[in-house]
Amino acid sequence: MIKVNYDTETTLVKGFYPDFISYTSIPEPYIEVSDDEHQAGLGKQMCVIDGVFQEYIKPDSELLTEAKTSKLAEIKSARDSSMYVDVEFNGSYFTNSLISGNNLIGAFVLASALETDSITWLDTSGNKVYLTLYEARELAVLMSSKRSQGYLTEATLKENVNVCETIGDLDKISIDFS
């Protein structure tokens, strides 16, 4: 026989105590199960309900919480993939990252302060691109708005996930950052 210690609140099994090992104490509560029952439960999450050793079946609320957590992770991953996609501007492609956008704004501010008409920027291929201050500002706005749209889309999707009451509702949420 094997003594099975379990949590009275969650009903989940916490530990097994075979008879062939001498223990100074065995935590309570516990029930006794046969070796066959113990073997049948290996590799499964087990619980004790009303004194019966059985496989734990997650309640719908727990399954929904896990599904929501998974959907939120999908949303974050999709946001991260879409927000920093290179942007096309006047026939050139530029890296769209927070750092790149901040550097472009800094260059714009510096050029404005120095009363310079243009700045030189690098495209994704490392080619020099000459931008007027107006073009530099437009490129910075394009980069910023792409990232802002990603955050707004993420917020809307998260809100949709949080109000779902069933896994079926969650499955209907389409994650689209385009």
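Visitor: Before we start, what does "buried" mean when you use the word for a residue?

Guide: Buried means under 20% relative accessible area, exposed means over 50%, and partly exposed lies in between. Keep in mind that this is a predicted model. Take Leu157, which sits in helix H4. Leu157 has a relative accessible area of 7%, so Leu157 is buried.

Visitor: Which residues does Leu157 touch, leaving aside those up to four places away in sequence?

Guide: Ile75, Ile173, Ser174, Ile175 and Phe177. For a sense of distance, look at Asp36: C-alpha to C-alpha, Leu157 and Asp36 are 48 Å apart in space, with their positions 121 residues apart in sequence.

Visitor: Is Leu122 buried, partly exposed or exposed?

Guide: Use the same cut-offs: between 20% and 50% is the middle class. Leu122 has a relative accessible area of 49%, so Leu122 is partly exposed. You will find Leu122 in strand E8, residues 118–122. Leaving out residues up to four places away in sequence, Leu122 touches Phe94, Asn127 and Lys128. Tyr93 is 29 residues from Leu122 in sequence, and their C-alpha atoms are 9.2 Å apart.

Visitor: Now the helices. How should I read a pair of them?

Guide: Two packed helices are described by the angle between their axes and the distance between the axes. Try H3 (residues 98–113) and H4 (residues 133–162): their axes come within 10 Å and cross at roughly 155°. Angles over 145 degrees count as roughly antiparallel, so H3 and H4 are roughly antiparallel to each other. Their crossing is left-handed.

Visitor: Which residues of H3 and H4 meet?

Guide: From H3, the set includes Leu98, Leu104, Ile105 and Phe108. From H4, it includes Leu133, Leu139, Met143 and Arg147.

Visitor: At what angle do H2 and H4 cross?

Guide: Roughly 170°, with the axes of H2 (residues 60–83) and H4 coming within 10 Å. H2 and H4 are therefore roughly antiparallel to each other. Our earlier residue, Leu157, is among the H4 residues that meet H2, and Ile75 is among those on the H2 side. Arg147 of H4 is also listed in this contact with H2, and Arg147 is one of the H4 residues that meet H3.

Visitor: Let's turn to strands. Which strands pair with E1, and in what sense?

Guide: E1 and E2 (residues 13–18) run antiparallel and are joined by 5 bridges. E1 also pairs with E3 (residues 30–33), in the antiparallel sense, over 4 bridges. To follow individual pairs, start at Tyr6, whose bridge partner in E2 is Val13. Then go to Asn5, whose bridge partner in E3 is Tyr30.

Visitor: What links E1 and E2 along the chain?

Guide: They form a hairpin with 6 residues between them. Look in the turn for Thr11, which has a positive phi of about 70°.

Visitor: Are the two faces of E1 covered or open?

Guide: Both are covered: Ile2, Val4 and Tyr6 are buried on one side, and Lys3 and Asn5 are buried on the other. In E1, residues 2–6, that makes 5 of 5 residues buried.

Visitor: One last check for the bench: how many disulfides are found?

Guide: A search of the whole structure finds 0 disulfides. As for individual cysteines, Cys47 counts as buried because its relative accessibility is 1%. Cys164 counts as buried too, at 9% relative accessibility.

How values were computed:
Residues numbered from 1 in each chain as written. Predicted model: local features only at pLDDT ≥ 70, side-chain atom pairs only at ≥ 80, totals over all residues. Heavy atoms only, no water. Buried < 20%, exposed > 50% of the residue type's maximum accessible area, 1.4 Å probe, protein only. Pairing = 2+ DSSP bridges. Disulfide = S-S within 2.5 Å. Axes fitted to C-alpha atoms, helices over the stretch in contact; angles between N-to-C directions. Parallel < 35°, antiparallel > 145°, perpendicular 65-115°, else oblique. Left-handed = near helix turned anticlockwise from the far one by under 90°. Contact = heavy atoms within 4.5 Å.
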